[in-house]
Amino acid sequence: MKIGNFKLRHYINYIVIGILTLVLGTMSLTGTRFDNSLLFLLEKVAISIILAVSLSLVVGFLGELSLGHAGFMCVGAYLGGKVATLLVPMLGNGPLTFLIALIAGAGAAAICGIIIGIPALRLRGDYLAIVTLAFGEIVKSLFQNSSDDSFGGSLGLETPRYDKHYLFILAFLLVLVTLAVIQNLIRSKHGRAITAIRDNEIAALASGTNVTKYKLLAFTLSAAFAGVAGVLYSYSNYTVQSAKFGYNYSIEILVMVVLGGMGSINGSILAAALITWLNTKLATVLTGDLAVLQNLLYALILIVIVIYNNAPALKGFRDKYNLGALAEKLIKHDPARVKDDKAKWDVVPTKISMDEILSVDLVPQDHDQGGSK
Amino acid sequence: MEQIFSTLVNGLSLGGIYAMIALGYTMVYGIAKLLNFAHGDIIMVGGYLIYVGMATQMPLAAVLLAVVGCVVLGICIEKVAYRPLRGASPLAVLITAIGVSYFMQSMAQIIFGSAPKMVTVYDFGAVELFGATIQVSSLVTLAVATVVMTVLTLFVKYTRTGRAMIAVSEDNGAAQLMGIDVNRIITITFAIGSALAALAGLFYLLKAPAVSSTLGAMPGIKAFTAAVIGGIGSIPGAMLGGILLGMIESVSYKITAIAPYTDAIEFSILILILLVRPTGFLGKKRREKV
Amino acid sequence: MKLIKTTAILLSLVLCLSLLSACGAGGGYTADNTEFVIGVSGPLTGSAAMYGQAVVNSAQMAIDEINAAGGLNGIKFKLISTDDMNDASKLSANYSAMLEGGMQVSLGTVTTQPGLEFKNLSFEDNVFFLTPSATGDDIPTNPNGYQMCFADGNQGKNAAQYVNENFSGKTIGVFYKSDEAYSKGIFDQFKANLDPSVQVIETSFSDANATDFTTQIDTLKNCEFIFMPIYYTPASLFMTQAKDIIKPNATYYGCDGFDGIDNIEGFDITAIPQAVTMLSHFNGKSESGPAKDFVDKYTAKYGAATLNQFGAAAYDCVYAIYGAMKKAMAEGTDIPVNISASDLCDILKAQFAGGYTMTGAVTGATITWDATGYVNKVATKYVIKEANG
């Protein structure tokens, strides 16, 4: 469907989330009282979506791995929560306080993103993974050992909880903001520069792209939105306890991005909602040592999906049996539609080194261009 | 004085353990260009295998079981999870490695439960040295680590396989053209790294007689930090970085005011090193080849 | 094609969510109750699992006894338990699941960290809770919250008093976990109440998975009295590593976190030469009285592996709630089986704040509560193991 420049498929996620927010929000504002479990679930889903979409910018579009997303969220949660605590006596626990806390939390997380990004982004991708991991541990440790008056120390920071009947509305509005910023960035020329870096950094550099600038831009923006999620978290809980923001949580967010399909915003949204829902459901179903099955599931998702999507040996299999091809068989093929190059990015090595060139030459990679023979 | 001496010995023995883990990281990274996140969890598997093996009441048999088991596991991981991704983007390999690490931790928790298992491998007792009471196990750790690292250095320098490893890490493609079986070298590297991790698991059990599914998580990350500090890809660098990190940790725990921030300090050093000297102390500068 | 696929998936998601919201909006979860429902959230897995399991087992045991004896005027009790793995962020889901499962009164949480979340959520809905073991000072600050255990501050104060009396002018050691609410809470109060003449050497650890305490042991090696407000797992590791280094005539002194240390599989406490003592309200080795009865019943049913004072306190909690409800009924208050959590909360608050006294309990001969929610009973130093030789 295309009306002028308006492509419905580009806006479908805004529309669906918008309608959802509008319907549930109106019901809540006019006095319907939802169950706690639904309200808490909605808050958590919104937080997860913001986290997954922002991480997707770094992992899926920039092609770098960040394992400290929970750390940036932690900074946002503590700073935003602290600002809110200080402001509530003056301004009340209203939208204004929320907005200021939001800016403070996102800003602090963004600054951390710059500080971490500058040394790590100059180096090979693996370094960013390990530095962000270290960053997460540093942040956790600093907040955990803070004095009781500053950030609550081991007891955690007591934060004002926003009225649970309305918080989810703000949360979903923030999801829309996140989508607007990140999706528009990706679809702009800056976004094309970012994906160019992902697909071939050296080629991007050679064609005049300011690689460091775009890497830092994407990474900082992602950190800022993790901070936004953190502020939301502090508003949806009575205490912010740093133990929550460990390595495991970062992995959970990564699982959402991988499950959703790297480089797919809608996929991240769906996976975030699904995993969050699964978390709350499984927590009550799986008890005792079975609870760990959940982690096993995440581990298998990471291994199986990534190998399936990336293994060079499975390429033929993938082309034959992927969801897109299946759907294409069912629905009439539209020849006018330009083929997305998105699915191809992962077969292009980020950096071509000697051995990779060799393997590229030996194994013909692109069957699609067979017609030119 | 005696406090300084005991801190030194503790730091060195802890550093020895870190160095052995860091060696595994650094060799795999140098040769397969892969950050093996699951390396730390092999320590944990080694610990559990010793726990299982101790049912025989024979410490040496238990250690043997752990080393053999870890070597087999390391090779399997490489074959099943990493080999299919040879030639895929580094990001994909990295994520798979995290998946493997997570998988091993949850499997261990399913098999052995979440509560730590207590296991005393061998009670060496303690001795008085220069007025300080020192755990004999610390000295044993130090001695074994020194021997292992010397043997490894000699192996890499003077055997055919060792030199092939250096060749592969210098230039994978050229090594292949010179007739080196790269797959075999990578398998050997994983085997050696896993054996070292199993020994590290043993040393952890000698220090503290408990094994849980998260035993290897923190040491793994710290050892990687050590590898980066020393210069990733460099074998003497890994040793230096490990010892350095062990000393820092030991001293930091000794000073009451900064003790709670020990982890933060160690990781801050990592970030600092990357900022001022990304190649670490002994690493060589590599150029990205086009 | 892609558009249709995406739309279909997203629309189905909306449908799911709206279905979720359609079912049972609003309160009144207790309307269909046929039993009084008690809820509890605790770590049933993870490193503090022994406590969660003890609490759930003991509460179930107390409920079975009450039900076997005919319940409360013929109405039986039922326990619903959820696993929070000692993680505060899991609590909101657990809490709402219990509330929507018909919970009318609660034992709160087993541990402090999730308890800080629980106390506020339950305050919002006005749900009464009496926690057996969440020792945080802040736990009972809302009017709906009460503790059966001693608060951390109280434990720290008690320990400081003991040290002031016995170690005036001497040097003692402290080993604590710097980033844990429980450990830090006790330690802070301990230090604040300590006599200035007592010299303190303090050392700490912070990594939850830490097992190597060589450096810390080395710091404390000349101390004859070591205060350790930590949980049993790190404590047992500390003792094993320290057995040849700390003086054999030294004494380890712990708080309620030490409980169960003599039941850890693979840890032989008799191999530790030093004395191990703890401050407690429950004597698991008593020869007679309610504590002995409890120990016998518990070990017969669940074995000794999870026997500890957390369970004993949970057992008492159930009886305390039962007793208070019974007393209110005797005073003429009507408590129907489907009473809402909030109404029951008001009744129980009036009872507990109004001088309700429990006698002959497992963890104390007479137990009363402050209006603030703190418990009043006697704590004693209890020797787990004497020094060898």
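Let me start in chain C, in the loop between β2 (77–83) and α3 (91–100), because that is where Met85(C) sits, and please keep in mind that everything I show is a predicted model. The phi angle of Met85(C) is near 50°, a positive value in a residue other than glycine. Is Met85(C) buried or exposed? With 21 other C-beta atoms within 10 Å, Met85(C) is buried, the cut-off for that word being 20 or more such atoms.

If we follow the chain onward from this loop, we reach α3(C), a helix that is mostly covered, since 9 of its 10 residues are buried. Among those buried residues you will find Leu91(C), Asn94(C), Tyr95(C) and Met98(C). Just after α3(C) comes Gly102(C), where phi is again positive, at about 100°.

Chain B offers a case to set beside Met85(C), namely Lys33(B), which is not a glycine and yet has a positive phi of about 50°. Lys33(B) is found in the loop between α1 (2–32) and α2 (39–53) of chain B. Because Lys33(B) has 18 C-beta neighbours inside 10 Å, we count this residue as partly exposed, whereas Met85(C) is buried.

Let me return to chain C for a serine, Ser122(C), which belongs to helix α4 (residues 112–125) of that chain. Ser122(C) counts as buried because it has 26 C-beta neighbours inside 10 Å. Which residues does Ser122(C) touch, if we leave out those up to four places away in sequence? They are Ser106(C), Val127(C), Phe129(C) and Asn144(C). It is also worth looking at Ser342(C), which stands 220 residues from Ser122(C) along the chain, while the C-alpha atoms of the two are separated by 9.6 Å.

A second serine, Ser114(B), lies in the loop between α4 and β1 (117–118) of chain B, and with 22 other C-beta atoms within 10 Å it is buried. For Ser114(B) and Gly15(B), which are 99 residues apart along the chain, the C-alpha atoms are separated by 28 Å.

Now to the sheet in chain C, which is an open sheet of 6 strands with mixed pairing, in the order β7-β6-β8-β9-β10-β14. At its edges stand β7 (199–205) and β14 (380–385), and because each has a single partner strand, one side of each is left without a neighbour in the sheet. Ignoring direction, neighbouring strands of this sheet are turned by 25° against each other on average. As a reminder for those new to the subject, strands of a sheet pair through backbone hydrogen bonds, either parallel or antiparallel. How do β6 (residues 171–177) and β7 of chain C run, and how many bridges join them? They run parallel, and 7 bridges join them. Within this part of the sheet, Gly173(C) stands opposite Ile201(C), a residue of β7(C).

Let me turn to the nonpolar interior, where the largest nonpolar core has 337 residues. Those with the most contacts inside this core include Ala46(A), Ile50(A), Ala19(B) and Val318(C). Helix α2 (residues 36–62) of chain A gives the most to this core, with 19 residues. As for Ala19(B), its contacts beyond four places in sequence include Ala145(B), Met149(B), Ala226(B) and Ile243(B).

The contact between chains A and B takes 47 residues from chain B and 48 residues from chain A. On the side of chain B that touches chain A, α4 (90–112), α7 (172–177), α9 (217–230) and α11 (262–276) each supply at least two residues. The helix that gives the most to this side is α4(B), with 15 residues. Sorted by class, this side of chain B has 30 nonpolar, 13 polar and 4 charged residues.

Finally, chain A as a whole, whose secondary structure comes to 16 helices and 4 strands. Of the 373 residues in chain A, 50% are buried. Among contacts in chain A with a separation of 6 or more, 81% join residues 24 or more positions apart. How confident is the predictor about chain A, and where does pLDDT stay under 50? The mean pLDDT is 82, and 82% of the residues of chain A reach 70 or more. pLDDT stays under 50 over residues 332–338 of chain A, where the model has 2 contacts beyond four places in sequence. It also stays under 50 over residues 345–373 of chain A, where the model has 39 such contacts.

Methods: Residues numbered from 1 in each chain as written. Chains lettered and ligands numbered in written order. Predicted model: local features only at pLDDT ≥ 70, side-chain atom pairs only at ≥ 80, totals over all residues. Contact = placed C-beta atoms within 7 Å. Nonpolar A, V, L, I, M, F, W, Y, C, P; charged D, E, K, R; others polar. Buried ≥ 20, exposed ≤ 12 C-beta atoms within 10 Å, placed from the backbone. pLDDT = per-residue confidence, 0-100. Core = buried A, V, L, I, M, F, W, Y, C linked by C-beta atoms within 7 Å. Pairing = 2+ DSSP bridges. Axes fitted to C-alpha atoms, helices over the stretch in contact; angles between N-to-C directions.
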